[in-house]
Amino acid sequence: RGSRHGKLPPVESIVGYSWLKLLDGSKLLRDSVGLSVSTSLPPGYLSVVQFGMGKGYSGPKVEWIDSCKELFRAGTRLVSTVNTQDEPLHHFFWLCDNISNTQPAHDVELCRAIKDVHTITIASLIHFLPVIMNQLLRLLLRESPCSEEVASHSLKALIHLVEQVSMAQRDEVLHTYLKYIFKTQRLSTRKTIHE
């Protein structure tokens with residue numbers, strides 16, 4: 001009947017629904033994931049946690065197609081100027097964010113994260129150089145009590161980063177950072193350097 005009036009019936013129909021959690025804690029999901037399909041989207045469906053290997057799930061009641069088997073796979077690939085795939089860099093940013101939100105961070109863990117900055121790939125280093133440099137300088141110059149060890153590791157990391165960028169013959173990245181991004185902070189007290 002639809003073809004007589006010039007309209008064709010739709011050729012697609014909804015079989016089911018599936019969803020994918022993009023964040024695992026504070027990290028973005030980057031792997032291929034098997035997904036089950038449900039017949040509907042019940043309230044609170046995003047809180048469903050599957051146990052894996054057909055062992056069931058927790059959360060609201062969901063009617064699964066084919067007994068909660070993984071019917072298809074989906075993969076993600078991170079393409080971002082904000083988030084990094086480099087694990088040591090991600091951890092360093094996470095710690096710096098927690099410090100800036102006044103959550104206490106242990107100097108030992110912070111020192112370990114700063115040391116791990118030395119393992120960042122050159123591609124990630126150049127891509128996130130302004131943020132890394134700003135965070136290290138902030139750690140070096142922060143007014144709250146900072147252990148000498150944190151300051152020392154921050155300075156060593158800054159020297160290492162400048163050396164790595166220079167060895168990669170990407171000095172223009174450093175020049176751009178210094179010319180357009182780097183800003184000196186004013187000290188809140190009027191003390192001279194020697195006091």
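Is Gln 169 buried or exposed? I looked this up before anything else, and Gln 169 counts as exposed, at 69% relative accessibility. The model is a predicted one, and I kept that in mind for every entry below.

**Entry 1: positive phi**

I came to Gln 169 through its backbone. Its phi is positive, about 55 degrees, although Gln 169 is not a glycine. I placed Gln 169 in the loop between H5 and H6.

I then noted Asp 66, another residue that is not a glycine and has a positive phi, here about 60 degrees. Asp 66 sits in the loop between strand E5 (57–58) and strand E6 (72–75). At a relative accessible area of 42%, Asp 66 is partly exposed, because that class covers values between 20% and 50%.

**Entry 2: the whole chain**

I stepped back to the chain. I found six helices and six strands. The order along the sequence is β-β-β-β-β-β-α-α-α-α-α-α, so I turned to the helices for the packing entries. Of the 195 residues, 26% are buried. Among contacts in the chain with a separation of 6 or more, 63% are accounted for by residues 24 or more positions apart. I read the accessible surface as about 14,200 Å², with 55% of that belonging to carbon and sulfur atoms.

**Entry 3: H4 against H5**

What angle do the axes of H4 and H5 make where they cross? I read roughly 155 degrees, with the axes of H4 and helix H5 (residues 148–167) coming within 8 Å. H4 and H5 are therefore roughly antiparallel to each other, because angles over 145 degrees fall in that class. The crossing of H4 past H5 is left-handed.

I listed the residues that make this contact. H4 contributes Leu 129, Ile 132, Met 133, Leu 136, Leu 137, Leu 139 and Leu 140. From H5 come Ala 151, Ser 154, Leu 155, Ala 157, Leu 158, Leu 161, Val 162 and Val 165. Sorted by class, the contact of H4 with H5 holds 14 nonpolar residues, one polar residue and no charged residues.

I picked two residues from this contact for a second look. Leu 137 belongs to helix H4. Its C-alpha atom is separated by 8.0 Å from that of Leu 155, 18 residues apart along the chain. With neighbours within four places in sequence left aside, I found Leu 137 in contact with Leu 158, Tyr 177 and Phe 182.

Ala 151 is part of helix H5. I noted Ala 151 as partly exposed, at 21% relative accessibility, because buried would require a value under 20%. The C-alpha atoms of Ala 151 and Leu 139 are 6.8 Å apart, with their positions 12 residues apart along the chain.

**Entry 4: H4 against H6**

Which residues of H6 make the contact with H4? I first checked the axes: those of helix H4 (residues 129–141) and helix H6 (residues 171–181) come within 10 Å and cross at roughly 65 degrees. H4 passes H6 in a right-handed crossing. On the H6 side I listed Val 173, Leu 174, Tyr 177 and Ile 181. The H4 side consists of Leu 129, Pro 130, Met 133, Asn 134 and Leu 137. By class, I recorded eight nonpolar residues, one polar residue and no charged residues for the contact of H4 with H6.

**Entry 5: H5 against H6**

I read the axes of H5 and H6 as coming within 7 Å and crossing at roughly 130 degrees. H5 and H6 are therefore oblique to each other. Val 162, Val 165 and Ser 166 of H5 make the contact with Asp 171, Val 173 and Leu 174 of H6. The residues of this contact divide into four nonpolar, one polar and one charged.

**Entry 6: Leu 174**

Is Leu 174 buried or exposed? I looked up this residue of helix H6 and found that Leu 174 counts as buried, at 11% relative accessibility. Not counting residues up to four places away in sequence, Leu 174 touches Leu 129, Val 162 and Val 165. Leu 129 is one of the H4 residues in the contact with H6, while Val 162 and Val 165 belong to the H5 side of the contact with H6. I also noted a separation of 9.9 Å between the C-alpha atoms of Leu 174 and Met 133, which are 41 residues apart along the chain.

Methods: Residues are numbered from 1 along each chain as its sequence is written. This is a predicted model: local features need pLDDT of at least 70, side-chain atom pairs count only at pLDDT 80 or more; totals for chains, interfaces and linings use all residues. Side-chain values use heavy atoms; hydrogens and water are left out. Helices (H or I, at least four residues) and strands (E, at least two) are DSSP runs, numbered from the N terminus. Buried means under 20% relative accessible area, exposed over 50%, partly exposed in between (1.4 Å probe, protein chains only). Contact means heavy atoms within 4.5 Å. Accessible areas come from the Shrake-Rupley method with a 1.4 Å probe; for residues, only the protein chains shown count as cover. Axes are lines fitted to C-alpha atoms, for helices over the stretch in contact, and angles run from 0 to 180 degrees between N-to-C directions. A crossing is left-handed if the near helix is turned anticlockwise from the far one by less than a right angle, and right-handed if clockwise. Ala, Val, Leu, Ile, Met, Phe, Trp, Tyr, Cys and Pro count as nonpolar, Asp, Glu, Lys and Arg as charged, and the others, Gly among them, as polar. Angles under 35 degrees count as roughly parallel, over 145 as roughly antiparallel, 65 to 115 as roughly perpendicular and the rest as oblique.
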